[in-house]
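Student: I'd like a close look at a single part of this model, followed outward from there. Could you take me through it in one go?

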Amino acid sequence: MSLSLDEVRLLLLSVGYAVHDGDWNWKDVNSPFMRLYYVTEGSAKMELRGRCYELKPNHLYLIPPFVTHSCICNSRFCHYYLHIYEESTQNLFDFWELPFELAADDVDMKLVNRLCEMNPFMRLPQSNPATYDNEMSLKNELLRNKQRTFGDRLESRGILFMLVSRFISQAKPISCNLDSRIEDALKYICEHLYENANINMIADHVCLSNDHFIRLFKTEMGVTPLQYINRKKIEKAQLLLLSGDFSVKNVAYTLGFEDCSYFNRLFKKMVGTTPQEYRRICG
């Protein structure tokens, strides 16, 4: 499985510089966009995937979308922040294990400064995720992004590519050791994410029996095909709930769920709230 350059669509949602003094403390943050930080002064900590990381000056940090994390700060902490939205069915983290931390250089600082200079109106009014990580804010940010001049959008996207490519250059391809049949299955799932999950059709597509395919998929991916498909569908549902005007029922049907009640139960199991609660809390 591979991702072509034409399939990578990065949109800048927010960019700015934040100064904190022990007040950058947010628990269980989970967003449908990636975050990139450039720390300039002080220190803070981040709990992510069972580990606690120290955020240090002159370093870049990349937090994937849909990953719950908590921010801890008890002293002065200054950083640039970028919120980056991917307009594609799959995201970069489906293909690569990107590093969380990189040492920054002078070029990184110039690129981040240029983004801030070009987009002063994309600065967050507050740092609390509850004030911007919601349906209305995401809609407004996406609309604001697309209303800029073509030249500004082109340059901003170019800078995003340059910054994110720093992490890609040190990333490990997830599929480097995958069985080729599972690579084909992942691509098929990506292309048919809006359809009803049919394991038999995927198995036929990769020329395996149903049982053999399920065993091989779990061996290679660590989860069953259905678990993987449902995770990708619920991630897409989070985006649709925050960035579109779809009803919960339409979101379910759009993603191939014939039973809306099952969609609600699955969403709550994976996200922790029902779709209605998710939209209300984030809205």
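Student: Leaving aside its neighbours within four places in sequence, which residues is Leu82 in contact with?

Tutor: Keep in mind that this is a predicted model. Setting aside neighbours within four places in sequence, Leu82 is in contact with Leu12, Ser14, Val15, Met34, Arg35, Leu36, Val112, Leu115, Leu160 and Leu163. Several of those names come back when you look at the largest nonpolar core, which has 29 residues. Leu82 is one of the members that touch the most others there, along with Leu10, Met34, Leu36, Ile84, Leu115 and Leu163. As for who builds this core, β1, β3 (34–42), β6 (59–63), β8, α1 and α4 (150–168) each supply at least two residues. Apart from it there's another core, of 20 residues, with Ala18, Trp26, Val29 and Leu55 among them. As a general point, nonpolar side chains in soluble globular proteins tend to be buried together.

Now for a polar residue that shares some of those contacts. Asn119 sits in the loop between α1 (106–118) and α2 (129–132). Its relative accessibility is 0%, so Asn119 counts as buried. Not counting residues up to four places away in sequence, Asn119 touches Leu12, Val15, Arg148 and Ser156; Leu12 and Val15 are also on the contact list of Leu82. With Ser156, the side chain of Asn119 makes a polar contact of 3.4 Å.

Next, the rings. Searching the whole structure turns up 12 aromatic pairs. One of them is Tyr17 with Tyr80, a tilted pair at 4.6 Å centre to centre and 55° between the planes. Tyr17 belongs to strand β1 (residues 10–21) and Tyr80 to strand β8 (residues 76–86), so this pair ties together parts that are 63 residues apart in sequence. The two partners differ in exposure: Tyr17 is partly exposed, with a relative accessible area of 30%, while Tyr80 is buried, at 11%.

Phe267 and Tyr278 also pair up, this time edge-to-face, with 5.5 Å centre to centre and 70° between the planes. That pair links helix α10 (residues 260–271), home of Phe267, to helix α11 (residues 275–282), home of Tyr278, and the two residues are 11 apart. Both Phe267 and Tyr278 are buried. They're part of one aromatic cluster that also takes in Phe257, Tyr262 and Phe263. And Phe257 has a charged companion: Lys233 lies over the face of its ring, 5.6 Å from the ring centre.

Note on methods:
Residues numbered from 1 in each chain as written. Predicted model: local features only at pLDDT ≥ 70, side-chain atom pairs only at ≥ 80, totals over all residues. Heavy atoms only, no water. Helix = DSSP H or I, 4+ residues; strand = E, 2+ residues; numbered from the N terminus. Buried < 20%, exposed > 50% of the residue type's maximum accessible area, 1.4 Å probe, protein only. Polar contact = N/O pair within 3.5 Å; in protein donor to acceptor, adjacent residues only side chain to side chain. Contact = heavy atoms within 4.5 Å. Phe/Tyr/Trp six-rings, centres within 6.5 Å; stacked < 30°, edge-to-face > 60°. Lys NZ or Arg CZ within 6 Å of the ring centre and 35° of its normal. Core = buried A, V, L, I, M, F, W, Y, C linked by side-chain atoms within 4.5 Å.
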